[in-house]
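Biologist: I would like to learn how to read a structure like this one, step by step. Could we begin with what it means for a residue to be buried?

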Amino acid sequence: MSLGIEVACRCCHKLGPHNGRGLRHTCWRRHRKAGTLDQYPPLGAGLPRLWRIETYLELRERGLSKQEIAARLEVTVRSVERYAAQTRTGVAA
Ligand SMILES: [Zn+2]
């Protein structure tokens, strides 16, 4: 299932189209083939906060605006500002 957003993959942190479990499409297929998909639990209702922050950092490096990042992550601009504050103070983990 694709959410239609580009994400920082949970295994390799490279950007790519999201396929499921926080993995980009190519990695999801690779893990399924290798039988290691279970290492990455389903995201369920919401995407993990840390994963969103990682994706935020990747998108910011690419020069996307707060508004664009918020749209990709399907969160509010206010949330993106929170990620920014958290990564500045080093409490992202
Ligand atoms: Zn990956």
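Modeller: A residue counts as buried if 20 or more other C-beta atoms lie within 10 Å of its own. Keep in mind that this is a predicted model, in which 27% of the 93 residues of the protein chain count as buried.

Biologist: Which elements does the protein chain have, and in what order do they run from the N terminus?

Modeller: There are four helices and three strands, and from the N terminus on they run β-β-β-α-α-α-α.

Biologist: Which residues are buried in α2?

Modeller: An α-helix has 3.6 residues a turn, so residues three or four places apart point the same way. In α2 the buried residues are Arg-52, Ile-53, Glu-54, Thr-55, Tyr-56 and Leu-59, and what covers them includes β1, α3 and α4.

Biologist: How far apart are the end C-alpha atoms of helix α2?

Modeller: Helix α2 holds 13 residues, 49–61, and because each residue adds 1.5 Å, the helix should span 18 Å; the end C-alpha atoms are 18 Å apart, which agrees. After α2 comes Gly-63, whose phi is positive, near 90°.

Biologist: Which residues make up the largest nonpolar core?

Modeller: That core has eight residues, namely Ile-53, Tyr-56, Leu-59, Ile-69, Ala-70, Leu-73, Val-80 and Tyr-83, and the elements giving two or more residues to this core are α2, α3 and α4. Another core, of six residues, lies apart from it and includes Val-7, Cys-9, Leu-23 and Cys-27.

Notes. Residues are numbered from 1 along each chain as its sequence is written. This is a predicted model: local features need pLDDT of at least 70, side-chain atom pairs count only at pLDDT 80 or more; totals for chains, interfaces and linings use all residues. A residue is buried if 20 or more other C-beta atoms lie within 10 Å of its own, exposed if 12 or fewer, and partly exposed in between; C-beta atoms are placed from the backbone. The expected span of a helix is 1.5 Å times one less than its number of residues. Two residues are in contact if their C-beta atoms, placed from the backbone, lie within 7 Å. A nonpolar core is a set of buried Ala, Val, Leu, Ile, Met, Phe, Trp, Tyr and Cys residues joined through C-beta atoms within 7 Å.
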